[in-house]
Amino acid sequence: MEFHHTTPWRVGSSTPEAGSPKKQFEKIRKEMTAKGSTGMDVLLSTLENTKDLQTTLNILNILVELVSVGGSRRASALVSKGGTQILLQLLLNASKESSPHEELMIQVHTLLARTGPKDKKFGVKSRINGVLTITLNLVKQNLQNQRLVLPCLQLLRVYSTNPVNAVSLGKNGVVELMFKIIGPFSKKNTGLMKVALDTLAALLKSKTNARRAVDRGYVHVLLTIYVDWHRHDNRHRNMLIRKGILQSLKSVTSLKLGRKAFIDANGMKILYNTSQDCLAVRTLDPLVNTSSLIMRKCFPKNRLPLPTIKSAFHFQLPVIPVTGPVAQLYNLPPEVDDVVDESDDNEDLELEAENEIENDDDIDQNFKNDDIETDINKLKPKQELGRPVEELKMYEHFFHELSDDFQECDLIAKEPKPLAKEGNLGGPIVVPTAGEEPPVEPNILTNSVKKNIISQKEEGDKQPTFLDLAKEDIKNSDNPLQQQEGDQNRTVSSSQYLTSDLVKALDRITLQNAPQTSQSFTAGIKKDSSPHLTSITCTKTCPHISTCGNVLFEGRTVQLGKLCFTGVETEEDDDSASNSSVEQTSFEGPNMPPLHDSDLYVEIVKNTKSVPEYSEVAYPDYFGHIPPPFKEPILERPYGVQRTKIAQDIERLIHQNDIIDKVMYDLDNPNYTVPEEGESLKFNSRFESGNLRKVIQIRKNEYDLILNSDINSNHYHQWFYFEVSGMRTGVGYRFNIINCEKSNSQFNYGMQPLMYSVQEALHARPWWIRVGTDICYYKNHFSRSSVAAGGQKGKSYYTITFTVTFPHKDDVCYFAYHYPYTYSTLQMHLQKLESSHNPQQIYFRQDVLCETLSGNSCPLLTITAMPESNYYENICQFRNRPYIFLSARVHPGETNSSWVMKGTLEYLMSSNPTAQSLRESYIFKIVPMLNPDGVINGNHRCSLSGEDLNRQWQSPNPDLHPTIYHAKGLLQYMAAIKRLPLVYCDYHGHSRKKNVFMYGCSIKETVWHTNDNAASCDVVEDVGYRTLPKILSHTAPAFCMSSCSFVVEKSKQSTARVVVWREIGVQRSYTMESTLCGCDQGKYKGLQIGTRELEEMGAKFCVGLFRLKRLTSPLEYNLPNSLLEFENDLIESSCKVTSPTTYVLEEDEPRFLEEVDYSAESNDEIDIELPESVGDYEPSVQEDALSDSESSKTCLP
Ligand SMILES: [Zn+2]
């Protein structure tokens, strides 16, 4: 770094001191000519050696000027050349004079205050040199001398960033001294006031100093001063001073005593009122935000209003695990209050780690390098069977395709397919495309709906509620099977129209080109010009709805019948107005979800076993869902939502009398009857996949909602699905889900919850839509017990808040975290797929892999093409097709994975020529729902065993984790018979990232990230694991390659992906993660994800597999040149992986204008224990461990 002589060199102008002037100049001359020596070196060297005051002052002047002009670069240069040490020595020497030279002191302090922050060891150095008290005493003795005091205060501020120094200065009265300097509003000395406040805030970060301040009553003083400045600083010229006062309050309230003093001094009300005044002025935002932070800190921690945080439902496990969270839960003494710790009060010793341990499978935020598997032996595939071959024989019967000779079958020998020449290879492959929309026909719907309106008044204010299943009927029947058969026969006959024409048409709509088919179909239906859903419902269900009602919907026949017959209820309020918020661009064909059959659904629900023994069906599951025909953009977050919501929460404390605090729903207290009041909303969650535990009305239109924990667990709240009724229109209702646990959520980044309106469904709009405004996710004032927080005390819960305006009066609406997909829905879809497929073309088998803990069957599907004939060669080709193994929904809250799986299944069962080629290429083994019990009971993460099933793959217990045990068994069997799948993929959902992406396993990429094992780069590894994601990134619009990762983490060692890779030996073993929120790249950039896009992803995944097939065996086909080039490209780019770009350590999301605030927790600093014997002049033992520059964040273990 070259020094430029911009200032006159004036050393020579001073009179050299007698004694050694010659030597001095000699030295300077030498240094100036020495190689690499710079002007800065010379100046410092002179400064160190000269005894001449004027010389010293001159050099100090120059240095001050240099540092002021050159900024931090010059300051750093000065530090790197040992400048701080020289300056400290100079300060020490000067202080020994009987009366220190004032100008010298000013200059030295100024320089040290500028350069100190650049010196990582400055705190230690200043203490060793014993200059702390020198500066302090200078201030004490010269309070009136502003010119001297200002740089001294500046330096005190720098000293105080080191916690040891802060404590030491505190003992010498620095806190009291600062309170002599700061004071009420004054136009004078604002610079001094500002520095003193900054210094005070730094000092008060030390707990000892904070306690001293509290003891001397300074909390009250700070509040008084703050109010004074707030009142008088009308033109807001002193915002920084006002913020400085708040900073000190913020430091003091980190202490429990400080919070108490703050509350006692009426701090909540003072800061609340002052910040309300500041809201209108944008430049005062820092004041509002800091006030909000302090108030949240001081807001008394509440326990959740629950008797226990254990699930409201109990399921007795067949075996209780010996260790782990479930064992701990079972071993808790009954008298332990798991909602709150008595010892929570003792939180002064607590230190909140902001980076919490997340329970998500796929969180990268906390993903530190030490999670990467470094043991090369653990990375190398093991490939042992794990279970004896004889035992694995039990899985033989799931592989009929390997033994069947099809002699009984009526197979059609077909012409060999012209595979390579077809458009499906070279040209675009036809798959359902989410983006295509039919032409706009907005009027058809509205007109036809209005014709059918029958006054709702006829039925009084009876409203559609849930459907009641008469389980009694099954129980009372002597022969339940017979009963069920009867029902099914009836279903079949009544839905004949559906199965024959409708389903075919719909099938084509979903699986091929939507607009064309839908138009021709619509034309047929439009004859009676009634709304589409209604006509379909009538055609299908009306002939037997009365019977149906009597048998199934006891006591509610009229309601359902009316809904079905009349279709539409009268709506006084203007429909178009209420829907104007949702941009309705078009109306699409028949509104009957493909594969959906409401009667069949009800039949299936009867056989679904839930722990709470649900007997109701949620309307959305009964009607089915089709994606809405409009786009749903990612919501832009308006500025200031968070602080408004937090202010409203704080008002609960300040205006306690305004709080209604009335329980509106309570699963823990089934006999609780909600007071009948027309104004309040009614809630319900007693249906499959439902999750809502308790509701408390807070204000007229505001409700606190509490979610149920996973069964046999006391946490994992995130998934919700519940019904709301009794609403009015034109009112914004605020919902707060107050016991969320994750530290961040896509709700902060544009994701909206989903709502399904029954009235809308009856208006031929049977779809879940993204709703809600003022959405935000933040840490709240409810505290987790240490039982729930894994031993940590005083951790807070988080709130998701959203505000909804309902489209219809007295509607029944449903809210969900994501598009629900129940176990019964899966069973229905599988039955529909099975009954509608062409058995001559498609080999489809549905087996029961095993029973779950509560006795539900876990389906296993086998899908491939029928052999072309039963000739030997064809049977051989059939049996030798490589396997693909897919699974989904191990995590119940990740419903998106089920929609992706639905897309995969529908594609695989379609008549699309590529799908046929794909079936002829592979045998698919699919477990579409690995965790049926979790799904049924509304869990978010776990099975009934209270454990995350995707952490059990290493040693699944057959009694506790049967689906994992047997899914792994299948794979082990495949390994034993040397038929390993080419690809294994487990579908998941990701709550904190956008797009769709994959996690795979690679030794090399894992080693790259550890950097410490270069030798292992010799590992020979096929980069084939990258091919499939690479293909998908070219073909699937939602897929994003740069979010993929192929690193093997220790924390994931018992997941399906890692175990199937390492133990079973499948090279292409993946987790495919689909966003719950939306995309920030590709065709869907800026849009929230919908079921159409998710299903498309599932279909595109299949197309990707087809391309993979040709890449893995390119000689099999004569590919067109263009395609070959494309695929060579793929292979090449996948081989050229040189930099580990895929391992993302950064934050998932960029920062917001309004910073997302998670720091409301009382975050008491642990002070450095300063032994009495340690004086200012001796380094303490701990200080080497302290990095001064980081001292504000320092926390000792
Ligand atoms: Zn997952």
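Helix α7 has Leu132, Thr133, Ile134, Thr135, Leu136, Leu138 and Val139 as its buried residues. That is 7 of the 10 residues in the helix, which spans residues 132–141, so α7 is largely enclosed by the rest of the structure. Its buried residues pack against α4 (83–96), α5 (102–115), α6 (122–128), α8 (146–160), α9 (163–171) and α10 (174–181). Please keep in mind as you read on that this is a predicted model.

**The zinc site**

Let us move along the chain to the metal. Which atoms coordinate the zinc ion? The donors are ND1 of His891, two OE atoms of Glu894 and ND1 of His988, at 2.1 to 2.2 Å. Along the chain, these donors follow the spacing H-x2-E-x93-H. Histidine 891 sits in the loop between β16 (883–888) and α36 (895–908), while histidine 988 belongs to strand β18 (residues 983–990), so the two histidines tie together parts that are 97 residues apart in sequence.

Why is the arrangement irregular? The 4 donor atoms subtend angles of 59 to 152 degrees around the zinc ion, and this makes the arrangement irregular. To count as tetrahedral, four donors would need all angles between 85 and 135 degrees. As a reference point, the ideal angle for four tetrahedral donors is 109.5 degrees.

Are the two histidines buried or exposed? Histidine 891 is buried, at a relative accessible area of 0%, and histidine 988 is buried with a value of 0%.

**An annotated residue**

The UniProt record, an unreviewed entry, lists Glu1073 under "active site". In the model, glutamate 1073 is placed in strand β20 (residues 1068–1075). Its relative accessible area is 0%, which makes glutamate 1073 buried.

**Aspartate 404 and its surroundings**

Aspartate 404 is found in the loop between α20 (389–392) and α21 (423–426), and it counts as partly exposed at 30% relative accessibility. Its side chain reaches the backbone nitrogen of phenylalanine 406 at 2.9 Å. What does aspartate 404 contact once its neighbours within four places in sequence are left aside? The contacts are Ile875 and Arg879. Arginine 879 is 475 residues away from aspartate 404 in sequence, yet their C-alpha atoms are 9.0 Å apart in space.

**Salt bridges**

Side chains of opposite charge can pair when their charged atoms come close. The model has 37 salt bridges, and the table gives three pairs, including their N to O distances.

| Pair | N to O distance |
|---|---|
| Arginine 643 and aspartate 285 | 2.8 Å |
| Glutamate 651 and arginine 699 | 4.0 Å |
| Lysine 700 and glutamate 679 | 3.7 Å |

In the pair of arginine 643 and aspartate 285, arginine 643 lies in helix α32 (residues 641–654) and aspartate 285 in helix α17 (residues 285–298), so this salt bridge ties together parts that are 358 residues apart in sequence. Both of these residues, arginine 643 and aspartate 285, are buried.

Glutamate 651 forms a salt bridge with arginine 699, and this pair links helix α32 to strand β5 (residues 694–699) across 48 residues. Glutamate 651 is partly exposed, at a relative accessible area of 22%, whereas arginine 699 counts as buried at 18% relative accessibility.

Lysine 700 pairs with glutamate 679. Lysine 700 is in the loop between β5 and β6 (702–706), and glutamate 679 is in the loop between β3 (662–666) and β4 (682–684), 21 residues apart. Lysine 700 counts as partly exposed at 45% relative accessibility, and glutamate 679 counts as partly exposed at 39%. Finally, salt bridges with shared partners join Asp649, Glu651, Arg652, Arg699, Glu702, Asp704 and Arg734 into one network.

Conventions
Residues numbered from 1 in each chain as written. Predicted model: local features only at pLDDT ≥ 70, side-chain atom pairs only at ≥ 80, totals over all residues. Heavy atoms only, no water. Donors = N, O, S within 2.8 Å, 3.2 Å for Na, K, Ca; no water. Tetrahedral: all angles 85-135°; square planar, octahedral: opposite > 155°, others 65-115°. Helix = DSSP H or I, 4+ residues; strand = E, 2+ residues; numbered from the N terminus. Buried < 20%, exposed > 50% of the residue type's maximum accessible area, 1.4 Å probe, protein only. UniProt positions renumbered as here; feature names shortened; annotations may be inferred. Contact = heavy atoms within 4.5 Å. Polar contact = N/O pair within 3.5 Å; in protein donor to acceptor, adjacent residues only side chain to side chain. Salt bridge = Lys/Arg side-chain N within 4 Å of Asp/Glu carboxyl O.
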